[in-house]
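Here's a relaxed first tour for anyone who hasn't met this structure before. Have a look at it, then read on.

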Amino acid sequence: ASLWYGPQANMLSIASNTLGRGGRTISMCLYLFIYAATLTAYISEGAAVCMPVLGRLLNTTIHPWVGTSAFALSSGLALYSGPKKVDFVNRICVYVALYSFVQLIVRCSGSLQPAYLARGNWQACQTCIPIMVVAFTFHNIVPSLLGYLGNPKAVVKAI
């Protein structure tokens, strides 16, 4: 759809052109809801991950409100610094995530027990819900990628 409507297309302009004014309004409300939920999940879980690490480095206990505020402030400053710096930080985070995933596969592959895959512990899944919410939002940036990257081949490569 972004190729059809051009590089300035985004979710709302596509919704407006295909669904009309009512569809655009509904899409905007849903868009705001999912991003508010995503931002809340990101700040909550990001602070929960960073607080223990920072606490060990500083050799102190960090209160949750301090950790959440510090994480939100540092994330806001990173976003305010501009797209090139955000892209750089994002690349570092992706490399760290890939490295962590490879380490997880390497270190855990020998101790995999297929019998455990047949049962589940749903109580342990509660901490995964924010991550699942974030995973459902990546597709919303696809229409904006054409304007950011400049050509369709770069968009396909990025996806």
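What follows is a short walk through one helix and its aromatic pairs.

## A helix with a bend

Keep in mind that this is a predicted model. Our main character is helix α2, which covers residues 11–58. If its 48 residues made a straight helix, they would span 70 Å, yet α2 spans only 43 Å between its end C-alpha atoms. Where does α2 bend? Look at Leu-19: the bend there is about 140°.

Several residues of α2 are tucked away. Its buried residues include Leu-12, Ile-14 and Ala-15, along with Gly-23, Thr-38, Ala-41 and Ile-43. Gly-46, Ala-47, Met-51 and Gly-55 are also among them.

## A pair inside the helix

How many aromatic pairs does a search of the whole structure find? It turns up two. One of them joins Tyr-31 and Tyr-35 in a tilted arrangement, with 4.9 Å from centre to centre and 55° between the planes.

Why can these two meet? Tyr-31 and Tyr-35 sit four residues apart in α2, so about one helical turn separates them. In general, an α-helix has 3.6 residues a turn, so residues three or four places apart point the same way. Both rings belong to partly exposed residues: Tyr-31 has a relative accessible area of 29%, while Tyr-35 comes in at 25%.

## A pair between helices

Tyr-42 and Phe-71 make up another tilted pair, with centres 5.4 Å apart and planes at 50°. Tyr-42 belongs to α2 and Phe-71 to helix α3 (residues 64–80), so this pair ties together parts that are 29 residues apart in sequence. Buried or exposed, what is Phe-71? It is buried, at 13% relative accessible area, whereas Tyr-42 is partly exposed at 46%.

Thr-40 is another α2 residue to find. Its C-alpha atom is 9.8 Å from that of Ala-72, although their positions lie 32 residues apart along the chain. With 55% relative accessibility, Thr-40 counts as exposed.

## The far end of α2

Now follow α2 towards Leu-58, which is still part of the helix. Together with Val-53, Leu-54 and Leu-57, Leu-58 forms a nonpolar patch on the surface, and the four share about 400 Å² of accessible area. Leu-58 itself counts as exposed, at 53% relative accessibility.

What comes after α2? The next residue is Asn-59, and its phi is positive, near 55°.

Methods:
Residues are numbered from 1 along each chain as its sequence is written. This is a predicted model: local features need pLDDT of at least 70, side-chain atom pairs count only at pLDDT 80 or more; totals for chains, interfaces and linings use all residues. Side-chain values use heavy atoms; hydrogens and water are left out. Rings of Phe, Tyr and Trp (its six-membered ring) pair if their centres lie within 6.5 Å; planes under 30 degrees apart count as stacked, over 60 as edge-to-face and the rest as tilted. Helices (H or I, at least four residues) and strands (E, at least two) are DSSP runs, numbered from the N terminus. Buried means under 20% relative accessible area, exposed over 50%, partly exposed in between (1.4 Å probe, protein chains only). Patches are made of residues with over 30% relative accessible area and no salt bridge: like charges are joined within 9 Å, nonpolar side chains (Val, Leu, Ile, Met, Phe, Trp, Tyr) within 5 Å. Accessible areas come from the Shrake-Rupley method with a 1.4 Å probe; for residues, only the protein chains shown count as cover. A salt bridge is a side-chain nitrogen of Lys or Arg within 4 Å of a carboxyl oxygen of Asp or Glu. The expected span of a helix is 1.5 Å times one less than its number of residues. The bend at a residue is the angle between axes fitted to the seven residues ending there and the seven starting there.
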